[in-house]
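Colleague: I have a model open and would love a close look at one part of it. Could you walk me through how its interior is put together?

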Amino acid sequence: MSETPVDLDKHRGMAAQKATDIRRALADVEANAKLQRDRQAALELQLLTVPAGSWPEAVAKARYVLNLYAADLAPTDTHHRDLVATVLADLTRLAGES
């Protein structure tokens, strides 16, 4: 018996190797997407339950909600996209950020 591990991938055809690589990448993407959804749910629960302690915290919450809203707008809805952009710019200006 040999002490060196056998690289099974080199014994399979190229199509099978590519299919395995795709399955592995897809599994990674799905795991990362679930982790992202879980983190977003935890953040949103915190935003719901913990009141803002300052204006900058309130601005951060408002930005988050406006960005969620803007993400669901149709690309052709330029009026509402412009409105969101203007409000976000106002929040930045009033918060004293550059």
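Which residues make up the largest nonpolar core?

Modeller: Happy to help. This is a predicted model, where local features need pLDDT of at least 70 and side-chain atom pairs count only at pLDDT 80 or more, while totals for chains, interfaces and linings use all residues. Residues are numbered from 1 along each chain as its sequence is written, and side-chain values use heavy atoms, with hydrogens and water left out.

The largest nonpolar core has six residues in all: V59, A70, L73, V84, L88 and L91. A nonpolar core here is a set of buried Ala, Val, Leu, Ile, Met, Phe, Trp, Tyr and Cys residues joined through side-chain atoms within 4.5 Å; buried means under 20% relative accessible area, exposed over 50%, and partly exposed in between, with a 1.4 Å probe and protein chains only. Helix 2 and helix 3 are the elements that give two or more residues to this core, and helix 3 supplies the largest share, three residues. Helices are DSSP runs of H or I with at least four residues, strands are E runs of at least two, and both are numbered from the N terminus. For the wider setting, the protein has three helices and zero strands, and buried residues make up 8% of its 98 residues.

Now to the pair of helices behind that core. Helix 2 (residues 55–72) packs against helix 3 (residues 78–94) at an angle of about 165°, with the axes 10 Å apart. Axes are lines fitted to C-alpha atoms, for helices over the stretch in contact, and angles run from 0 to 180 degrees between N-to-C directions. That angle makes helix 2 roughly antiparallel to helix 3 (under 35 degrees is roughly parallel, over 145 roughly antiparallel, 65 to 115 roughly perpendicular and the rest oblique). From helix 2, the contact (heavy atoms within 4.5 Å) uses V59, A62, R63, L66, N67, Y69 and A70, and from helix 3 it uses H80, R81, V84, V87, L88, L91 and T92. Sorted by class, these residues are nine nonpolar, three polar and two charged. Ala, Val, Leu, Ile, Met, Phe, Trp, Tyr, Cys and Pro count as nonpolar, Asp, Glu, Lys and Arg as charged, and the others, Gly among them, as polar. V84 is a good residue to click on: leaving aside residues up to four places away in sequence, V84 touches L66, Y69 and A70.

Helix 2 also meets helix 1. Their axes come within 11 Å and cross at roughly 130°, so helix 1 and helix 2 are oblique to each other. Here Q40, L43, E44 and L47 of helix 1 meet K61, Y64 and L68 of helix 2, a contact with four nonpolar, one polar and two charged residues. L48 sits in helix 1 (residues 14–49) and is exposed, with a relative accessible area of 74%. L48 and K61 are 13 residues apart in sequence and 9.5 Å apart in space, C-alpha to C-alpha.
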